Structure formats: C-alpha cells, structure tokens
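Colleague: I have some questions about this model, if you have a moment. Shall we go through it together?

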Amino acid sequence: MKKKYKYIIALTLILVALGLGIMLGAVTWIIQETPDISAYRGSQETTRIYSSDGELLSRFFTEDRIYVPLNRMPDDLKKAIIAIEDTNFYSHGGINLWGIARAAVVNIREGRVIQGGSTITQQLARNVLLTLDRTFYRKIQEAYLALQFEHVYTKPEILEMYLNEIFMGHSAYGVQTAAQQYFGKNVWDLSLSESALIAGLPQSPNNYSPLRNPELAIRRRNMVLSRMKDIGFITTEEYESAINEELDFQSREDISQNNIVYFENYIRRQLHNKLKEIYGPDGPQMIYGGGLQVYTTLDLDMQKKAEDAYREALTEDGGYIPSISREGADDNLQPQGAVITLDAKTGAIRAMIGGRGNDHFNRAVQAKRQPGSAFKPFVYAAAVQNGYSPASVINDLPLILETDDRRTYIPRNYDDTYRGFISARQGLADSVNVAAVRLANDLGITNVIDKAREMGISTFTDSDYFDQRYSVALGGLNQGVIPLEMASAYSVFANEGIKTEPYAIEKIVDSRDNVIYESKSRKQIILEESSAYMINDMLKSVITDGTGWRINESIDRPVAGKTGTTNRNTDAWFVGYTPELVTAVWIGEDQNRPMNSDFGYPHTIESRHAVMLWRDYMVKVLADRPSVDFEKPPEIISKEIDPVTGLLPGSSTPQTVEEIFTTSGVPDRETNLHGEVETIQIDRSSGQIATDNCPRENLTTRHYLKDSGIRYNNSQSALRISFSYDNPEQGDNFSGVYEIAPYHPVQKIDQETGFPASGLEGEPVYERKPTSHCELHDGPSDYAPYEEEPAIEPDEPEDEEAEEPEETEERSIIQDIWDFLDTRNND
C-alpha cells in the first residue's frame with residue numbers, strides 16, 4: 001500500500017513538474033513572441049492646421065492626440081486616475097499580484113477573461129504594443145511588458161505616457177484631446193469635477209461619454225470622487241463641492257467643415273510634398289502621426305466672407321447663379337465655381353473656394369478652363385513692354401489673316417460692331433476682340449505667350465504657339481488656365497511688375513517645437529514698374545468705363561480687373577484686384593456645357609455674374625480697409641492728347657483727353673489730322689457730288705476735311721456704315737457695322753470684298769471727297785435741304801463680349817501717325 005502511494009506521489013510530482021515545464025515553456029514562448037519594448041517609438045500625435053491668425057482650422061490624424069507633459073496636467077487629474085485605475089501605482093513594480101489573483105479566480109470560474117486587474121503600467125503596455133483581445137496569451141504578454149516598462153521608465157514617465165496614450169472616447173486619445181473634446185478647454189484648465197469625469201472614461205470610454213450618456217458619465221464621475229475621498233486624496237468639503245458642480249459640456253466644433261474642405265485637401269497635398277523634401281520618402285507619414293503644427297496663410301475672416309457671398313449667389317431667393325442637377329458630374333449640382341484670393345505683395349493664399357460641394361476636385365487649383373477675354377491683359381502687357389502706351393491707336397476694323405494650314409481667319413467682335421481707330425485703353429476696357437488680335441499679330445504670338453508664361457501661366461502647349469496661334473489673343477488655349485495661376489499672374493500687375501509665387505504654408509513646427517520649414521518669398525521682376533502701372537490704369541478703366549462697371553457702383557476705391565466669357569458661354573471669369581488683394585472668380589460646368597437656356601438655365605451665365613460674385617465678396621472684405629491707390633512711378637506723367645491719333649493736339653483738334661505716358665514715350669509732335677471741314681451733299685446712287693438734278697431721296701450730307709479731302713465725322717454722335725463679307729470657298733461670311741466716333745476719319749470699305757481697304761503695308765485707306773458731280777440724273781429735282789446722316793448715341797458699356805477662340809490678328813495705324821509709330825517701334 002505504501003509502495004502504491006509512493007508511485008502516486010511520484011507520478012503526481014512528475015505530472016506537476018511536467019505541467020510546470022509546459023507552462024514555463026509556454027510562458028517562455030509567449031514572451032519570445034512579445035514585442036520588444038524598444039518598438040515603442042512614442043505616441044502618434046495629431047497634426048494641427050492653423051489659420052494665419054492662429055485659429056485651429058483642421059486636424060490630420062490616425063489617433064487624435066495632442067501630447068502634454070505631466071507637469072502641465074492638474075494634480076487633481078493625476079490623483080483621480082490613480083484612485084480609480086491603480087491605487088497602488090507608486091508601490092508596485094508593474095504588476096498587482098492581488099489584483100491578478102482576484103481576476104484569475106473570476107476568469108477561471110467563468111472560463112474566459114472577463115476581468116482585468118491590470119495596473120496603469122499594464123494598460124500602457126497593452127495600448128502601445130499589444131492588441132485589445134481578452135485572452136490569457138495577451139495577459140501574459142501584458143504582464144511581461146509591464147515589468148519591462150517599470151525597469152526602463154520612472155513612475156512619472158509611465159504616468160505621463162499613459163495619460164497621453166489612453167483612448168478617451170469618440171476620436172479622442174489622451175487627456176488633452178479629451179479635455180478639448182468634452183469641455184472645450186485645455187487639460188491644465190480642468191476643475192476637480194471635470195478631472196474626475198475625464199479619469200472615469202478609460203474603463204469604458206464610449207459608454208461613459210458625457211456627449212452620449214451624460215447621466216451615466218455623472219454617476220461615474222461621482223464614483224471617482226468618492227474613491228478619491230475614501231483614500232484621502234481630497235477632503236469632504238472638496239468632494240461636496242465637486243459633486244455639486246454643474247458641468248458644462250462644450251464639445252469643440254467640427255472644424256473640418258465644408259467651407260474649408262478644398263483648402264484642407266490642398267494643404268494636405270502641399271504638406272506631403274514639403275515633408276518629402278525634408279525627410280525623404282518616409283516624410284509624408286508624419287502628416288497623420290507626427291504632431292506637426294502647420295501655420296497656413298488662410299485668412300479665416302476672408303474665407304467666411306467668400307463663402308457667404310458664394311452661398312448667397314446660389315440661393316433661390318435673390319441669387320443669380322442657378323442650380324442645375326447633372327448626372328455624371330463630380331458634383332451633381334452645376335454650374336460649379338471657384339474663388340481664389342492672394343495677397344498681391346507676398347503671394348499668400350488668403351481664401352479658397354474649390355466648388356459648391358465637398359468633392360475632391362478643387363477647381364481653384366486643378367481646373368483648366370478657357371479664360372476668354374480675361375487673357376487679354378497679357379497681350380497688352382507684352383505691348384506696353386514693347387513701347388505701346390494706353391494712347392496707342394489700334395484699328396478696330398476686320399482683317400483677314402492666314403493660319404498655319406493656309407486657311408483664312410477673321411477675328412470678330414462680340415456684336416459685329418467695329419469702331420475704326422480706338423486707343424489701347426479703349427480696346428482693353430471694352431474688351432475689343434479685333435484690337436487684341438491686331439496687337440498679338442503685330443507683337444508675335446510667341447512673345448505674348450512667353451510674357452504670360454513669365455507671369456505665371458504654365459498650361460500652354462505647343463499647339464498654342466502654332467495650330468491655334470490667333471485664338472490665344474482671345475483666350476482660346478489648347479488646355480485653358482487654372483484660376484490660381486490667373487490670380488497669381490494678375491498679381492504681377494498689382495505688385496508693380498514683381499512676381500511672387502503663390503503659397504499656402506507659412507511654417508511647419510514639429511512635435512518638439514522645432515521649426516522644420518518656413519516659407520521664403522521668391523520674387524522675380526517680370527514687368528517694368530512703369531509698364532505695370534500703365535496696365536493697372538488701363539484695367540481701372542474696365543471698372544470705371546468698361547465691362548466691369550457693376551463694381552464701380554458698389555466699391556468706392558481704386559479697383560482694376562478684367563472680365564472673360566467664352567464664345568459658347570461655357571466659362572465666365574472676372575479677375576480683379578486692389579493694390580493689396582487679387583481675387584479670381586470662375587463659373588462653369590464641369591462638363592463644359594454652355595450655360596444658357598438650351599441646357600436648362602433660366603438665364604445665360606456670363607462674366608457679369610462673375611463680376612457680381614467678386615463684388616459681393618470684396619465689398620465685405622474691403623469695408624474695413626483703408627482705400628489705397630496704385631503707386632505711380634516717377635517716370636509716369638500725364639499729357640493732353642488728341643484721342644483719334646494719340647498725338648499731341650494741334651491747333652484744330654476739336655477735343656482732347658488726358659493720358660499717361662512714360663517720360664520717354666510722350667509723343668513728340670502734334671497731329672495734323674483735323675482742320676477746317678466742308679459739308680457736301682452726295683448722291684447715294686453715284687457716290688458723287690449731288691447736283692440739282694439728283695432726287696431728294698438720293699441725297700445724304702457728308703463732311704470732309706478741306707486740306708486732305710478725307711471724309712470726317714464732324715458731329716457729336718457716332719455714324720454707322722454697314723458692310724458684309726462673303727468667302728464661299730471657306731464658308732466665311734458675316735455682316736457688320738462700322739461705327740465712326742465723333743471727329744474720326746472714315747475708312748474706305750472695299751466694294752469687292754466688303755472689307756475695309758488697306759494699303760500695301762497694311763496702312764488704312766480713307767474715303768475721300770468725290771472729284772466729280774453726279775451725272776446719273778438728267779432733269780432737275782426738288783431742292784434737298786441739309787440733313788445729317790443717321791447717327792447713334794454712344795452705347796452703354798456691354799456686360800462682356802463672348803470671344804471666339806479661333807485665332808489672332810494684326811495692328812494697323814491711322815494714316816496720320818503711320819510713319820511716327822513705325823519709327824517709334826523700330827527704336
């Protein structure tokens with residue numbers, strides 16, 4: 001019997017030893033599979049995005065966490081978390097054996113892990129290196145890692161890491177984010193009662209969330225406070241005061257709202273590129289966990305005003321931009337729009353609207369759209385750089401140009417009205433197509449494109465130089481332009497000829513408060529200061545006398561800008577600026593549909609709607625800003641000139657205007673165009689001087705300059721002459737009206753082509769006084785009294801002409817100054 005007991009005892013010992021061996025082996029294997037504590041690289045921290053005035057705009061994170069050192073946390077919070085989570089934190093070595101034993105009994109009885117007994121150190125190990133699975137395997141790893149943490153770190157370090165790592169509900173990690181999430185304040189500003197509520201969250205963050213279950217959260221808070229009182233962390237008086245404190249739950253606003261979603265995504269891309277430059281391929285990983293502070297250029301007040309103006313423009317009651325539902329578009333509501341505002345001096349992006357929704361296509365920086373007449377200032381900038389002035393005369397009459405494929409190209413004005421000799425200022429203010437094409441053709445389209453490229457337009461292709469060369473002058477490009485680049489290019493005018501690269505990030509600070517990037521302004525002189533000023537002055541005329549007149553009614557300060565509408569109304573633009581701010585506005589459908597009644601629009605969308613949006617936005621922005629004019633360079637002077645020839649007035653000049661020039665560009669001679677006028681009756685049938693035999697109904701009265709015999713409009717109203725052109729071989733045909741302004745010579749219309757005649761070198765040919773009398777009529781007729789030819793009063797400024805993106809044209813000069821201008825250009 002004794003021998004039998006010996007065998008049983010021996011077998012039991014063997015089994016126990018074997019079991020212990022197996023357990024030891026299993027534990028050893030589990031420990032070997034446990035992550036090394038060195039794998040802990042610290043917390044992932046939220047990257048915060050700030051506006052130009054330091055207001056938080058957005059957060060980029062995988063875990064929304066803001067790391068705060070322990071010495072900035074209130075003592076009440078530290079005591080509260082220890083009281084409820086790990087009373088013996090400062091006395092154990094990482095593992096609470098009594099707690100583990102108690103939990104083990106419960107878990108064995110239940111046959112699964114339902115109770116933890118984990119210390120703060122164990123919770124830290126679990127959160128930073130392990131999964132949240134409730135298994136014996138994970139509990140062994142947790143205990144092992146807790147011992148390692150206690151060996152490597154001090155108690156304050158462990159507590160600091162724990163309070164920054166722990167999940168606190170919703171998207172909040174760590175006590176600082178929790179304080180902001182639930183109370184809208186920093187952790188160091190928490191009261192005892194608020195600290196107790198935060199400390200009660202880790203056990204079940206979502207259940208105890210005061211935003212989800214406020215009553216349950218208060219009961220949990222009271223439990224924490226009671227525990228703190230029981231172990232002597234607070235007095236009874238402090239307990240009573242905290243229990244009775246009414247908590248004000250003020251969740252921080254969702255700052256990633258739609259109104260900045262386009263800017264937010266733009267910053268994300270910019271940040272990706274900057275971090276890649278600084279840290280290499282792995283740099284962009286810091287966007288969501290690096291704890292960066294990114295200070296941007298966005299002016300939140302301007303952004304809100306832009307959003308308000310855009311939203312009001314889209315409203316059914318009082319709005320002027322309709323909402324058309326389209327299937328298959330990036331955002332189904334059309335038309336879309338973009339608004340971008342830059343600081344004219346620095347290039348800083350102050351406001352950005354990339355569309356009317358929250359899609360990922362940012363039209364302000366990604367859309368390439370035809371600019372229409374908004375491109376014309378680049379043509380005039382190239383002209384001014386090559387010796388032209390606002391007074392330079394351009395012949396606004398149709399011309400025939402030959403394209404690279406030997407087809408003819410005939411630029412046309414919006415309403416097929418042509419004014420003859422006009423100044424460069426009038427050509428730009430009234431957005432005259434023929435004038436822009438003549439200039440571009442005279443300068444060379446390559447020079448125009450090169451100037452626009454220098455100013456910031458990057459979207460040109462080879463076909464812009466060749467296949468469609470004439471259309472470039474009217475904004476008909478192969479790819480189009482980007483609103484951001486249009487604003488940047490116009491800022492060269494506003495900034496006295498200096499180009500500054502647009503940017504959105506002022507500086508980036510890492511999680512240790514080191515500045516790792518700071519923007520450096522890159523500037524380049526593109527235009528002479530005097531050239532930029534002359535363009536500014538001409539573009540001010542667009543506002544005061546031209547297609548941007550609606551702004552002049554509402555904004556009492558110097559504003560310059562240019563409208564643009566494409567020929568099928570697929571795009572509407574206005575790029576306007578003051579000396580301080582440049583804003584580009586674009587409206588159009590994503591699928592390039594015409595914005596007219598054929599496609600469901602209650603009214604056609606044109607550049608005037610872009611002007612109205614610009615006006616409604618900038619009225620608010622400029623309201624509290626002092627009025628500033630464009631600074632005039634010392635070499636700019638004003639002179640009285642003859643508006644017909646652009647020369648100094650002569651003794652017979654009937655009217656003058658004041659125009660600006662550089663000191664070296666002032667005309668050096670007087671005009672001899674004007675003089676004594678004689679009035680003659682002409683027979684319409686023969687075109688000769690009427691006789692007494694000509695029927696009264698055939699007679700018209702015309703004026704001629706006595707010295708030259710050139711036909712002359714001596715009235716104070718415009719005269720109109722109709723003409724037509726027909727080229728059946730290439731299908732070109734149209735009718736137009738030649739509108740002769742007061743005190744202008746009348747150019748001759750070629751009877752065969754229906755086009756204005758020109759000399760061998762392109763110089764104009766004038767109608768002249770007939771040299772013979774009419775011989776068509778034999779008998780006498782009734783006396784014909786003196787009567788003027790039908791006249792018209794000057795038109796009100798047009799909203800904007802729709803351009804024809806097809807080709808460009810040539811520059812001819814009035815006969816009186818042909819040789820003068822030719823000599824000047826050669827100089």
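Modeller: Gladly, and let me begin with a strand. This is a predicted model, and in it both faces of β25 are covered. On one side Leu-699, Thr-701, His-703 and Leu-705 are buried, and on the other side so are Thr-700, Arg-702 and Tyr-704.

Colleague: How many residues of β25 are buried?

Modeller: Strand β25 spans residues 699-705 and is mostly covered. In a regular strand, side chains alternate between the two faces of the sheet. Here the residues on both sides of β25 are buried, and the count for the strand is seven of seven.

Colleague: Which residue of β25 is the bridge partner of Val-677?

Modeller: Start with the pairing: β24, residues 677-683, runs antiparallel to β25, and seven bridges join them. Within that pair, the partner of Val-677 in β25 is Leu-705.

Colleague: Let's turn to the open sheet of five strands. Which strands stand at its edges, and why is one side of each left without a neighbour?

Modeller: The order is β9-β8-β21-β20-β19, with antiparallel pairing. Each edge strand has a single partner, so one of its sides has no neighbour in the sheet. The twist from one strand to the next averages 5°. The edge strands are β9 (349-353) and β19 (560-565).

Colleague: And which residue of β9 stands opposite Thr-341?

Modeller: Strand β8, residues 336-343, runs antiparallel to β9, with four bridges between them. Opposite Thr-341 in β9 is Ala-351.

Colleague: Which helix lies across this sheet's strands at about 140° to β21?

Modeller: Two helices deserve a look here. Helix α18 (residues 483-494) lies across β8, β9, β19, β20 and β21, and runs at about 35° to β20. The helix at about 140° to β21, which also lies across β8, β9, β19 and β20, covers residues 607-622 and is α21.

Colleague: Is Asp-86 buried or exposed?

Modeller: Asp-86 sits in the loop between α2 (75-85) and α3 (97-110). Leaving aside residues up to four places away in sequence, Asp-86 touches Ile-81, His-92, Thr-119 and Ile-120. The cut-off for a buried residue is under 20% relative accessible area; at 4%, Asp-86 is buried.

Colleague: With which side chain does the side chain of Asp-86 make a polar contact?

Modeller: Asn-96 is ten residues from Asp-86 in sequence, and their C-alpha atoms are 8.8 Å apart. The polar contact, though, is 2.7 Å long and goes to the side chain of His-92.

Colleague: What about Glu-739: which side chain does it join in a polar contact?

Modeller: Glu-739 belongs to strand β27, residues 732-740. With 11% relative accessibility, Glu-739 counts as buried. Its side chain has a polar contact of 3.2 Å with that of Arg-720.

Colleague: Why is helix α13 described as largely enclosed?

Modeller: Helix α13 covers residues 376-385, and its buried residues include Lys-376, Phe-378 and Tyr-380. Just after α13, Gly-387 takes a positive phi of about 100°. The helix is largely enclosed by the rest of the structure because the buried residues number nine of ten.

Colleague: To finish, what percentage of the residues of the protein chain count as buried?

Modeller: The chain has 22 helices and 28 strands. Among its contacts with a separation of 6 or more, 70% are between residues 24 or more positions apart. Its accessible surface is about 36,900 Å², and carbon and sulfur atoms account for 46% of that. Of its 827 residues, the buried share is 55%.

Terms used: Residues numbered from 1 in each chain as written. Predicted model: local features only at pLDDT ≥ 70, side-chain atom pairs only at ≥ 80, totals over all residues. Heavy atoms only, no water. Pairing = 2+ DSSP bridges. Helix = DSSP H or I, 4+ residues; strand = E, 2+ residues; numbered from the N terminus. Axes fitted to C-alpha atoms, helices over the stretch in contact; angles between N-to-C directions. Contact = heavy atoms within 4.5 Å. Buried < 20%, exposed > 50% of the residue type's maximum accessible area, 1.4 Å probe, protein only. Polar contact = N/O pair within 3.5 Å; in protein donor to acceptor, adjacent residues only side chain to side chain. Areas by Shrake-Rupley, 256 points an atom, 1.4 Å probe, with all protein chains shown as cover.
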